[in-house]
Amino acid sequence: MQENTSSKEIKKITDADVRGKKVLLRTSLNVPIAADGSVGDMFRLKAALPTIEHLSKNGARTIVIAHLGRAGDTLEPVVKELTKLLPNVSIKFVGGALADAAAHISEMKDGECVVLENVRTNDGEEKNDPALAQQFASLGEMFVNDAFADSHRTHASVVGVAQLLPSYAGLLMQSEVEHLTPALTPPQGAVAIIGGAKFETKEPLISKLLERHYTKVLLGGALANDGLKARGMPFGASLVSDTVMPTALATDDRIVLPMDGVFQDVDANAEREAYVTDVRATEKIVDIGSYTAKAWVNEILSTPLLVWNGPTGIYELGFVSGTEILAHAVSEMDGKAVVGGGDTLAALQKHTFDTNKVFLSTGGGAMLEFLTTGTLVGLDALRNSSAKIAE
Ligand code: 3PG
């Protein structure tokens, strides 16, 4: 994807007169749902509140559209939480078919908000079907995209609808772009930590960070195993990707691999910490070791800008210590940091930190995409939206 070079400004919702207007708001409510059906993590939900509050306070009739998981998942439990978080806003869940929503919307009063069912229950959402985009657009007079986390998806509720209604960026969208943009032109000494798995989804960003002259790119998680493999070093029974590695991974000394790790034997009944060069064929590398953590803490404390996405270990299996040591360092750093990805955020949220320095992005894939290309399809759609408000 081409890097964004468009000079077209995205209109901001704060500059629009929304009083009495039906505002179609695409927001990101894609939160984890626990086994008991409750919302498992409130971070994204809380991030969605300011725009809903802004619209309500300014007299808009807000129609929220969002997705949750896949078609068939209902937004009802999420809306329940939303109503608790915004006790001063009248919020109603309107489940059922999209075609039936218009009747509810016509009864709305200024300042009220309805949330429609998971957009992915509509055929055509994920194909950006023009007919579905038209159906969404017919519900409102203006479109606001606040769903930064979903704006890498060319879907009808993100892209198609923006071509049909006068379109604006919401407050969260503005904040994400504002905080992540400086990472596209990093200061000297900028450092990135890229962890987790899925090498193929993170490789474009790693290449781009090197192109943008990041001083160091520290690789953790399964990505580090890929690095070891590419450099002909032992990686034991660790998870590695099948993708062909770019030569930079083997040769660019700005890519830093862990020097030691936590190893678990394949039967999962023994763990030890040692230099990565000592990993046995019967062991998996499951986290960075304490020497590496210490060295990376020093990198964090001395960099003017840190980009961090992805844990250093297999977080979901409890190998959290490397990630948590780094998260603590981030909470104390003097420079600035932009941080994203579910597990990385979970580790950071255990600390208090200066929000003027550390920015937690709601975007997982969207953050990676924005940092790689400088834009998202959803942002381009806002930029290129030429529809005018009907008189
Ligand atoms: C995310 O959680 O990364 C976004 O909400 C996008 O969700 P998706 O991967 O289901 O499109």
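**Exercise 1. Find how strand S2 is covered and which strands flank it.**

Step 1. Start with S2, residues 61-65. Four of its five residues are buried (under 20% relative accessible area, with exposed over 50% and partly exposed in between; 1.4 Å probe, protein chains only). Strands here are DSSP runs of E with at least two residues, and helices are runs of H or I with at least four, numbered from the N terminus.

Step 2. This is a predicted model: local features need pLDDT of at least 70, side-chain atom pairs count only at pLDDT 80 or more, and totals for chains, interfaces and linings use all residues. Residues are numbered from 1 along each chain as its sequence is written, and side-chain values use heavy atoms, leaving out hydrogens and water.

Step 3. Look for partners; two strands pair if DSSP finds at least two bridges between them. S1 (residues 22-26) runs parallel to S2, joined by five bridges. Lys22 stands opposite Arg61 in S2.

Step 4. Trace the chain from S1 through helix H1 (residues 43-57) to S2: this β-α-β crossover is right-handed. That is, with the strands pointing away from the viewer, the path from the first strand over the helix to the second runs clockwise.

Step 5. S2 also pairs with S4 (residues 113-116), in parallel, over three bridges. Here Thr62 stands opposite Cys113.

**Exercise 2. Work out how helix H7 is enclosed.**

Step 1. H7 spans residues 221-230, and eight of its 10 residues are buried, so the rest of the structure largely encloses it. Among the buried residues are Leu223, Asn225 and Asp226.

Step 2. Find what they pack against, with contact meaning heavy atoms within 4.5 Å. The neighbours include strand S7 (191-194), helix H6 (199-211) and strand S12 (283-288).

Step 3. Check what follows the helix. Gly232 comes after H7 and has a positive phi, near 70°.

**Exercise 3. Identify polar contacts of the ligand.**

Step 1. Use the cut-off for a ligand contact: a pair of N or O atoms within 3.5 Å.

Step 2. List the distances to a ligand oxygen atom. For a side-chain N or O atom of His67 the distance is 3.3 Å. For Arg120 it is 2.8 Å. A polar side-chain atom of Asp150 lies 2.5 Å away.

Step 3. Add the cover. Alone, the ligand exposes 310 Å², and the protein buries 80% of that (Shrake-Rupley method, 1.4 Å probe).

**Exercise 4. Give the strand order of the six-stranded open sheet.**

Step 1. The order is S9-S8-S7-S13-S14-S15, with parallel pairing.

Step 2. S9 (255-256) and S15 (358-360) are the edges; each has a single partner strand, so one side of each lacks a neighbour in the sheet.

Definitions and conventions. Polar contact = N/O pair within 3.5 Å; in protein donor to acceptor, adjacent residues only side chain to side chain.
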